[in-house]
Amino acid sequence: MDLLIGFVTILVVIGCGAALAHTGVLDARSQRTLGEIAFFVASPALMIVVISEVEIGGAVANLAASAASLATCFLLYAAWARWRRGLDAGSVLIGSLASSYVNAGNLGIAVAAFVVGDTTVVVPTLLVQMLLVQPAALVVLDRLTGRGSGSLAIVRRLTTNPLTVAALLGLVLALTGWELPRIVMSPIELLAGLAIPAMLLSYGAALRLSPWPGRAGHNGEVLVATALKLGVMPVVAWTVGTTLGLEGRVLLGVVITAALPTAQNIFLHATRYRTGEDVARETILVTTLASLPVALLIAVLLG
């Protein structure tokens, strides 16, 4: 029931965003503005809050299983899209992220808490995505869109990207046990509360303002990304996890995290860099709807 509540909550907020767009409260410009607010302000605050409160040690096997499942699906999609479909590099990158980058930052934490009973099982996936995959992807997107070139530009983008900086700060706090002064942490926590609703409302509005799923002409890409995300990724996570000796609650957490839908911030990146938006939007929708029965099945089999 807790898993069902988590998914229903997300769908309801997405529906609110769609309703606001349908009634004219949000238009295309305000939808993008809402996404920018989430990207530059609210999401970084959420990363600081979430990562700073977790335990980092003792998760090597979990980290390996999470990284292996992500890398497998990312590379499989990239190879298929590049050599079988001939897509441009930006579209290939966004599609690869859509097929492998899970909704660990919000839904993943909720599922870990209410279904698995341990929020630490989602942390390795969150760190791999936030500290390795996302920074690298943003650097590539910057280069592809002409927002920066050369070593100095890459360093500058890595050190000024708000999500990367926030994730690093959260990791430092988690490793050292330091705590920010309450006068600093309180507004950060307040802004963090905006992140998930802002992302979901922006996404819902984009769904209403864009062609309906299946009409944008990218059905093949969406189908492959969805199959990799919900089919291949959990199987790889289970295979690697069991090989490394994971079992019980930890194994359940690793596999069910791999079966989570594509993260909404992939759509934010696609929107910000104006590439792969249709594939990101439709894959997020399809995986969000289809991941519920997959996650329920995993919970029954491994729980």
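**Notebook: helix packing and enclosed space**

I looked up how α2 passes α12 and noted that their crossing is left-handed. The model I am reading is a predicted one.

**Entry 1: α2 and α12**

I read off the extent of each helix: α2 covers residues 28–52, and α12 covers residues 264–273. Their axes lie 10 Å apart, and the packing angle is about 115°. I then listed the residues through which they touch. From α2 come Gln-31, Arg-32, Gly-35, Glu-36, Ala-38, Phe-39 and Phe-40. On the side of α12, I recorded Phe-267, Leu-268, His-269, Thr-271 and Arg-272. Sorted by class, this contact holds 5 nonpolar, 4 polar and 3 charged residues.

**Entry 2: α2 and α8**

I stayed with α2 and turned to its packing against α8. Here I found an angle of about 15° and a separation of 8 Å between the axes. Angles under 35 degrees count as roughly parallel, so α2 is roughly parallel to α8. The crossing of this pair is right-handed.

Which residues of α2 make this contact? I noted Phe-39, Phe-40, Ser-43, Pro-44, Met-47, Ile-48, Ile-51 and Ser-52. Their partners in α8 are Pro-162, Leu-163, Ala-166, Ala-167, Leu-169, Gly-170, Leu-171, Leu-173 and Ala-174. I counted the classes as 14 nonpolar and 3 polar, with no charged residues in the contact of α2 with α8. I also marked Phe-39 and Phe-40, which appear in the contact with α12 and in the contact with α8.

**Entry 3: α3 and α10**

The next pair was α3 and α10, the latter spanning residues 219–243. The two pack at about 150°, and 8 Å separates their axes. Angles over 145 degrees count as roughly antiparallel, and α3 and α10 are therefore roughly antiparallel to each other. I recorded their crossing as right-handed.

The contact list for α3 reads Ala-64, Ala-65, Ala-68, Ser-69, Leu-70, Thr-72, Cys-73, Leu-76, Tyr-77 and Trp-80. For α10 I list part, including Gly-220, Glu-221, Val-224, Leu-228, Val-232 and Met-233. By class, the contact of α3 with α10 has 16 nonpolar, 4 polar and 1 charged residues.

**Entry 4: cavities**

I then looked for enclosed space. Rolling a probe the size of a water molecule over the atoms shows where empty space is left. How many cavities of 30 Å³ or more does the whole structure have? The search returned 2.

I followed up the second largest cavity, which holds about 30 Å³ of space. Ser-66, Ser-69, Val-102, Thr-125, Met-233, Val-254, Thr-257 and Ala-258 line this cavity. Two elements, α3 (60–83) and α11 (248–258), each give two or more residues to the lining. The largest share, 3 residues, is that of α11. The lining has 4 nonpolar and 4 polar residues, and no charged ones. I noted that Ser-69 and Met-233 belong to this lining and also to the contact between α3 and α10.

**Entry 5: the second largest pocket**

My last search concerned the second largest pocket, with a volume of about 240 Å³. Its lining has 13 residues, of which Ser-52, Glu-53, Trp-178, Glu-179 and Leu-180 are the closest to its centre. Ser-52 had already appeared in the contact of α2 with α8.

Which elements supply at least two residues of this lining? I found α8 (162–176) and α9 (182–209). The largest share comes from α9, with 3 residues. The classes in the lining of the second largest pocket are 6 nonpolar, 2 polar and 5 charged.

Definitions and conventions: Residues numbered from 1 in each chain as written. Predicted model: local features only at pLDDT ≥ 70, side-chain atom pairs only at ≥ 80, totals over all residues. Heavy atoms only, no water. 1 Å grid on protein atoms, 1.4 Å probe; cavity = no way out; pocket = protein on both sides within 12 Å on 5 of 7 lines; lining within 4 Å. Points joined across faces, edges and corners; volume = space filled by probe spheres on them. Helix = DSSP H or I, 4+ residues; strand = E, 2+ residues; numbered from the N terminus. Nonpolar A, V, L, I, M, F, W, Y, C, P; charged D, E, K, R; others polar. Axes fitted to C-alpha atoms, helices over the stretch in contact; angles between N-to-C directions. Left-handed = near helix turned anticlockwise from the far one by under 90°. Contact = heavy atoms within 4.5 Å. Parallel < 35°, antiparallel > 145°, perpendicular 65-115°, else oblique.
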